[in-house]
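Work through these exercises with the structure open. Try each task before reading its solution.

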Amino acid sequence: MKVRLWQGPVAAAAAVGLGAMLPTRRVGPRGRAALAAGAGIGAVLLARASGLDRTALGLDPSRIRAGLRWGGVAATVIGGAYLSALTVPVLRARFVDETGGGRDDFYEWIGVHIPMGTVLAEELLFRGVLTTLIGPFPQAVVFGLWHVRPALLAGDSVPGTVLVTGLSGLVFAWLRRGSGSVLAPALAHLALNVGGAVAVRVATAARTGDEKHGGT
């Protein structure tokens, strides 16, 4: 495997640009999910064409079992943390979000958009290709920058979003390195995002129920 010096910076710049462009495409959530997934798959195909092998990209079939073990443990810890938080009223209240908790496409969101448009796309692009080309820490920085435009559109704190997503990128890279497979960070990423969406749904529904009972 031989990585040319220009490949990493070009791939990182392309990822930042893609992260700024995707959220503004007027193709709907399904279209954006398809575009993101296509970008992740396309990045892997380009990396393979340039000479990077499956092992280097975390796609070696022989590492699937290790990926399942590492990712399963991480997903269990994340799921347990969400469950514990929902049992504490003060913490549960922090998940309440009328917009996110009441979205009509909730099940499509957690069953298709998050797995394909977020997890598949980002794990192939960042923990697969970019971690190989530029290393875990620079990859995490780019992962944080990838979330700048979404944070702006959502009205969230940009520095806070970059910091949190950058740190999560480091943890995901650690899982990928330890297991030798992008499956491990993918499972953790899936648990984090789907678990968060479910927690918002449950917390919002619980507050709505409390308000209804309180008003009768």
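**Exercise 1.** Is Arg30 buried or exposed? Then find its charged partner and place both in the fold.

Solution. The model is predicted.
- Step 1. Arg30 has a relative accessibility of 61%. Exposed means over 50%, so Arg30 counts as exposed.
- Step 2. The partner is Glu108, and the two form a salt bridge. Their closest N and O atoms are 2.6 Å apart.
- Step 3. Arg30 sits in helix α2 and Glu108 in helix α6, so the pair ties together parts that are 78 residues apart in sequence.
- Step 4. Glu108 has 25% relative accessibility, so Glu108 counts as partly exposed.

**Exercise 2.** How many salt bridges does the count give? Describe the others.

Solution.
- Step 1. The count comes to three salt bridges. Arg30 with Glu108 is one of them.
- Step 2. Asp105 forms a salt bridge with Arg103, with the closest N and O atoms 2.6 Å apart. Arg103 is partly exposed, at 25% relative accessible area.
- Step 3. Glu123 and Arg127 also meet through their side chains, at 2.7 Å from N to O. Both are in helix α6, four residues apart, so about one helical turn separates them.
- Step 4. Check burial, which means under 20%. Glu123 has 2% relative accessible area, so Glu123 is buried. Arg127 is buried too, at 0% relative accessibility.

**Exercise 3.** At roughly what angle do the axes of helix α1 and helix α6 cross? Characterize the contact.

Solution.
- Step 1. Take α1 as residues 7-21 and α6 as residues 106-134. Their axes come within 8 Å and cross at roughly 145°.
- Step 2. The crossing is left-handed.
- Step 3. From α1, the contact uses Gln7, Gly8, Pro9, Ala11, Ala12 and Ala15. From α6 come Leu125, Phe126, Leu130, Leu133 and Ile134.
- Step 4. Sort the contact residues by class: nine are nonpolar, two are polar and none is charged.

**Exercise 4.** Which residues have the most contacts inside the largest nonpolar core? Trace what builds this core.

Solution.
- Step 1. The core has 21 residues, and Phe126, Val129, Leu130 and Trp146 have the most contacts inside it.
- Step 2. Helices α1, α2 (28-49), α6 and α7 (136-146) each give two or more residues. The largest share, seven residues, comes from α6.
- Step 3. Leaving out residues up to four places away in sequence, Val129 touches Ala43, Val44, Ala47, Leu57 and Leu124.
- Step 4. Apart from this core lies another, of eleven residues. Among them are Ala74, Tyr82, Leu175 and Ala203.

Technical notes. Residues numbered from 1 in each chain as written. Predicted model: local features only at pLDDT ≥ 70, side-chain atom pairs only at ≥ 80, totals over all residues. Heavy atoms only, no water. Axes fitted to C-alpha atoms, helices over the stretch in contact; angles between N-to-C directions. Left-handed = near helix turned anticlockwise from the far one by under 90°. Contact = heavy atoms within 4.5 Å. Nonpolar A, V, L, I, M, F, W, Y, C, P; charged D, E, K, R; others polar. Core = buried A, V, L, I, M, F, W, Y, C linked by side-chain atoms within 4.5 Å. Buried < 20%, exposed > 50% of the residue type's maximum accessible area, 1.4 Å probe, protein only. Salt bridge = Lys/Arg side-chain N within 4 Å of Asp/Glu carboxyl O.
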